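Hi everyone, thanks for making time. I'd like to walk you through one model today, so please have the viewer open.

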Amino acid sequence: MNVRRIWGVLLQEYYVTIHSLEILVDVFFFPILNIVLFGLISMYLSGSDPEAARNVLLGMVLWQIIWIIAYSVAVESLWNIWSKNLSNMFIAPLKLSEYVIAHFLSGSVKALILLMGAIIFCSFAFGFNVFDIGFSTLFLLFTLFAFFAFTVGLVVLGLIFCYGLRIQALSWSLIFIFQPLSAAFFPLDAMPQWLQAIAYLLPPTYGFEAARFALEHGGVHIQLFATGFILTIMYLIPAVFVFRYLFNRSRNSGQFARNEA
Amino acid sequence: MSFAGNVSEAVLEVHDLVKDYGSFRAVNGISFSVPRGKIVGFLGPNGAGKTTTIQMLLGITLSNSGSIRYFGKEFANHRGECLQRINAASAFNTLLGRITVRENLLVFAELYQVFDRKKTIDALLERFEIIDHADEQYWHLSSGQRTRVNLIKSLLNDPELILMDEPTASLDPDIADKTLSLIEELREERGLSILYTSHNMTEVTRICDEVIFLDRGKIVAKDTPEKLMRSIGIATLVLSFSSGQENIERHLKEQGVPHTFVTHQCVEIPTNENAIPEILFGLSHVGSSIIDIEVRKPTLEDVFLQIARKEV
């Protein structure tokens with residue numbers, strides 16, 4: 001693992017972001033718009049159900065961590081493919097692990113910046129302090145969601161390497177499947193039984209439950225976080241192998257080079 | 001045929017390289033080497049397997065079997081070390097269009113861990129006369145400027161070998177000529193080795209020390225451009241005359257010499273170079289007024305066409 005090569009990919013990420021309105025819109029504008037929308041819904045609900053109101057807004061703020069990191073890992077490689085520059089990256093001594101770790105770090109930094117902005121914005125605009133859930137819970141949530149998003153982003157990126165740009169839409173859409181399934185905006189027991197069975201398999205479900213617990217009762221729900229992290233590891237390890245398999249398969253089939261044809 | 005006899009050190013050695021796409025064999029057991037300081041042309045018709053080979057040499061496509069060795073080290077086992085000492089430039093790969101020339105180069109300077117990256121980049125930008133465009137977004141550059149930036153990228157790590165895939169494609173003749181001159185200068189200054197693919201036989205003849213012809217995944221010819229051109233043996237004798245067309249035509253028919261009258265005062269005679277004196281001697285006695293004699297020697301393009309048309 002070489003720090004300068006990781007820095008090189010991060011530098012590229014930084015340059016592409018500041019020059020691309022599309023990325024700024026995807027990573028900052030839409031998330032803030034969603035937070036504003038959910039903040040207004042939260043204000044509307046606060047009269048009848050203050051708890052639901054806070055859960056909805058908290059869920060949307062925390063969801064941005066998952067969205068931005070999954071987006072960074074998968075979508076931002078597309079800029080290299082669209083520009084026919086991905087081969088240039090991989091004919092340099094850059095390792096695959098350095099490349100994906102750089103994208104993970106880049107997504108984490110973006111998510112952190114947005115989260116800080118969202119926390120300040122929610123405090124001023126809606127009188128909602130995200131830090132009410134506690135710094136420790138917020139830190140654990142960030143870590144849990146970051147690794148889950150990385151897992152999803154990694155598989156999507158592998159699929160794009162392997163099957164080409166015809167499935168590129170997955171890179172910004174697939175992650176949204178997990179939004180309703182992991183009970184981002186409402187308690188798990190509000191879901192139908194059969195959907196709960198699916199939700200229990202997803203790490204973010206435990207994170208969102210732990211966030212709601214912290215908001216209501218205070219403190220860190222160790223058991224929920226432990227389950228969430230164990231599940232994340234159980235998905236992340238095979239995801240790394242699947243990603244490597246898909247990358248090698250794309251080099252074997254010639255698809256990796258054809259992606260830029 | 002092999003270059004091994006006059007090679008003291010090969011920077012790239014390829015042995016029995018095979019690539020299959022399903023049941024289709026794109027590269028069929030090719031072996032060759034690139035000697036240090038030499039430019040080796042890698043030629044062939046479309047679909048011959050050149051690009052697949054280059055992709056395998058760079059590790060972005062995996063081979064089915066065979067070995068690739070850079071500087072005596074197996075590429076598969078020393079990927080990072082080998083890639084640090086080589087580079088590539090292709091007309092078909094571009095840099096990131098959204099970001100500036102300098103930003104693109106800074107990224108690659110980090111990937112190649114270039115020491116004193118800003119100084120290195122500025123020196124290359126000056127050398128390639130692109131310094132005035134350094135802060136423009138890459139997609140705003142002309143084809144010629146992009147080619148020069150791609151070449152700068154390929155020189156950032158001071159490579160010992162560059163794989164060039166049609167670097168002058170889509171360039172106008174003037175810019176292509178300047179690019180070739182730069183490549184020649186780099187070879188002289190740095191003792192650079194280059195594996196060079198192109199469809200432009202004139203530039204291959206100009207800069208390549210050795211040429212490999214690939215067809216249907218196999219190497220079908222491998223030699224210096226001069227020897228390959230000589231191997232064809234057929235030249236074209238072009239005669240211009242002011243009178244006596246009938247006499248010339250009668251004589252050539254009698255002698256069984258194939259010919260084509262381009263105009264009433266010009267005839268083209270494809271023939272073995274050794275037979276030219278005899279033809280001219282015969283024609284000097286038939287009562288015609290020959291005013292110009294031109295011998296068109298075979299070019300690398302003729303070799304290419306023969307191979308493409310399966311005449312070799």
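I'll go from a helix pair in chain A, to the contact between the chains, and then into chain B. Keep in mind that what you see is a predicted model.

Let's begin in chain A, with helix H1, residues 3–19, and helix H5, residues 96–126. Their axes come within 9 Å and cross at roughly 50 degrees. An angle from 35 to 65 degrees is neither roughly parallel nor roughly perpendicular, so H1(A) and H5(A) count as oblique to each other. The crossing is right-handed. If you want to find the contact on screen, H1(A) brings Arg5(A), Ile6(A), Val9(A), Leu10(A) and Glu13(A). On the H5(A) side, look for residues including Tyr99(A), Ile101(A), His103(A) and Leu105(A). By class, this contact has seven nonpolar, two polar and three charged residues.

Now, the two chains together. How many residues does each chain give to the contact? Chain B gives 27 residues and chain A gives 29. On the chain B side, helices H1 (50–58), H2 (79–85) and H3 (101–111) each supply at least two residues. H3(B) has the largest share, with six residues. Sorted by class, that side of chain B has 15 nonpolar, nine polar and three charged residues.

Staying in chain B, let's look at the sheet. It is an open sheet of six strands, ordered E6-E7-E8-E3-E9-E10, with mixed pairing. E6(B), residues 86–90, and E10(B) stand at the edges with a single partner strand each, so one side of each has no neighbour in the sheet. On average, neighbouring strands are turned by 15 degrees against each other, ignoring direction. At the E6(B) edge, five bridges join E6(B) to E7(B), residues 161–165, and these two strands run parallel. One bridge pair to click on is Ser90(B) with Asp165(B) in E7(B). H1(B), which we met at the chain contact, also lies across E3, E6, E7, E8 and E9 of chain B, at about 150 degrees to E7(B).

Last stop: the domains. The assignment for chain B gives domain 1 as 4–223 and domain 2 as 231–308. Their centres, taken over C-alpha atoms, are 41 Å apart. The contact between them takes nine residues from domain 1 and six from domain 2. On the domain 1 side, H7(B), E9(B) and E10(B) each supply at least two residues, and H7(B) gives the most, with three. That side has seven nonpolar, one polar and one charged residues.

Notes. Residues are numbered from 1 along each chain as its sequence is written. Chains are lettered from A and ligands numbered from 1 in the order in which they are written. This is a predicted model: local features need pLDDT of at least 70, side-chain atom pairs count only at pLDDT 80 or more; totals for chains, interfaces and linings use all residues. Axes are lines fitted to C-alpha atoms, for helices over the stretch in contact, and angles run from 0 to 180 degrees between N-to-C directions. Helices (H or I, at least four residues) and strands (E, at least two) are DSSP runs, numbered from the N terminus. Angles under 35 degrees count as roughly parallel, over 145 as roughly antiparallel, 65 to 115 as roughly perpendicular and the rest as oblique. A crossing is left-handed if the near helix is turned anticlockwise from the far one by less than a right angle, and right-handed if clockwise. Two residues are in contact if their C-beta atoms, placed from the backbone, lie within 7 Å. Ala, Val, Leu, Ile, Met, Phe, Trp, Tyr, Cys and Pro count as nonpolar, Asp, Glu, Lys and Arg as charged, and the others, Gly among them, as polar. Domain bounds come from an automatic or database domain assignment. Two strands pair if DSSP finds at least two bridges between them.
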